Amino acid sequence: MLFRKVNCLGTSPRGIRWKQIFNLEANLGLLYPLAVLIKKRQIIILVFTISVAFSCKNHIKKEVTNHKYYDRPISDTVSTTKLRAVTNQEYLQFGVSVAYVNENNDTIIPFGKYAYYGTDTLEFYANVLEHPNDTTYGRQIAIDRNQNVLFDIVMFDNGPEPFNEGLMRVLRNGKMGYANKYGQVVIPCEYEFAKWFENGKAEVTYNVKTYYDLDDHKRVESDEWFEIDKEGNKIESTSQP
């Protein structure tokens with residue numbers, strides 16, 4: 001870059017040796033401020049590029065759905081006969097066709113509707129993928145032994161999200177809430193976005209914008225976050241104005 005700039009100034013014809021330029025104090029005096037100017041321009045261009053990239057966020061429009069869900073009774077916390085996941089493929093792995101059988105190998109949930117999504121034993125509910133045929137996959141959902149859909153699953157690291165402090169985030173028609181280990185939605189799915197529980201509190205919001213960052217990762221932003229406890233009650237701020 002510096003050599004080309006020198007060419008433009010007419011100080012170095014084609015073929016001249018590098019040492020003929022840089023061993024002269026006069027040329028050094030000329031090139032140093034020129035190099036500083038170029039670097040400043042490069043920095044300005046870089047900052048401008050980054051600012052433009054962030055100002056042109058491609059916000060994601062949320063899909064509107066009207067799926068039906070089943071609420072497991074809060075009193076239903078007693079385990080019945082557990083069901084075991086089986087497959088008609090060579091290995092039981094994510095995405096293969098799955099069925100659930102009881103201890104007598106009687107089929108309770110048959111093949112032809114779901115794919116395996118990490119639940120080996122159905123005690124209260126199972127995470128599954130809708131899989132009506134060999135080439136089609138649908139929603140990631142939680143079902144009970146009667147195939148009632150309890151909620152849609154929040155993704156984490158290419159799989160179902162784990163529990164945090166006894167609760168996990170779940171979805172119903174695009175809204176987020178929290179469910180317990182029994183598959184019961186204990187904090188209603190009414191928030192546009194909800195974060196994990198930490199130290200008995202979680203940040204939630206009714207107003208959020210979702211977009212992809214420069215690395216194609218999904219991000220959310222909101223100016224209206226507030227905290228709730230594990231009962232879903234809003235925690236009032238104690239900070240002084």
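**Strand architecture and local environments in the predicted model**

Ile153 is buried, because its relative accessible area of 8% falls under the 20% cut-off applied to buried residues. In this predicted model, Ile153 belongs to strand S7, which spans residues 149–153. When residues up to four places away in sequence are not counted, Ile153 touches Tyr117, Asn127, Val128, Gln140, Ile141, Ala142, Pro160, Glu161 and Leu171. For one of these residues, Ala142, the C-alpha atom is separated by 6.8 Å from that of Ile153, the two residues being 11 positions apart along the chain.

Strand S7 is also part of an open sheet of 10 strands, in which the order is S4-S1-S2-S3-S5-S6-S7-S10-S11-S12 and the pairing is antiparallel. The edges of this sheet are occupied by strand S4 (121–122) and strand S12 (185–191), each of which has a single partner strand, so that one side of each is left without a neighbour in the sheet. At the S4 edge, the pairing with strand S1 (residues 83–86) is antiparallel and extends over two bridges. Within this pair of strands, Arg84 has Thr121 of S4 as its bridge partner.

A contrasting environment is found in the loop that lies between strand S8 (155–156) and strand S9 (159–160), where Asp157 is located. Asn158 lies in the loop between S8 and S9 as well. Asp157 counts as exposed, because its relative accessibility of 68% is over the 50% cut-off for exposed residues. Asn158, with a relative accessibility of 67%, likewise counts as exposed. Most residues other than glycine have a negative phi. In Asp157, however, phi is near 55 degrees, a positive value in a residue other than glycine. A positive value is found for Asn158 too, with phi near 65 degrees.

With regard to the protein as a whole, the model contains three helices and 18 strands. Of the 241 residues, 32% are buried, and Ile153 is one of the residues in the buried class. Among the contacts with a separation of 6 or more, 39% are accounted for by residues 24 or more positions apart. The accessible surface of the protein comes to about 15,900 Å², and carbon and sulfur atoms contribute 52% of this area.

Key
Residues numbered from 1 in each chain as written. Predicted model: local features only at pLDDT ≥ 70, side-chain atom pairs only at ≥ 80, totals over all residues. Heavy atoms only, no water. Helix = DSSP H or I, 4+ residues; strand = E, 2+ residues; numbered from the N terminus. Buried < 20%, exposed > 50% of the residue type's maximum accessible area, 1.4 Å probe, protein only. Contact = heavy atoms within 4.5 Å. Areas by Shrake-Rupley, 256 points an atom, 1.4 Å probe, with all protein chains shown as cover. Pairing = 2+ DSSP bridges.
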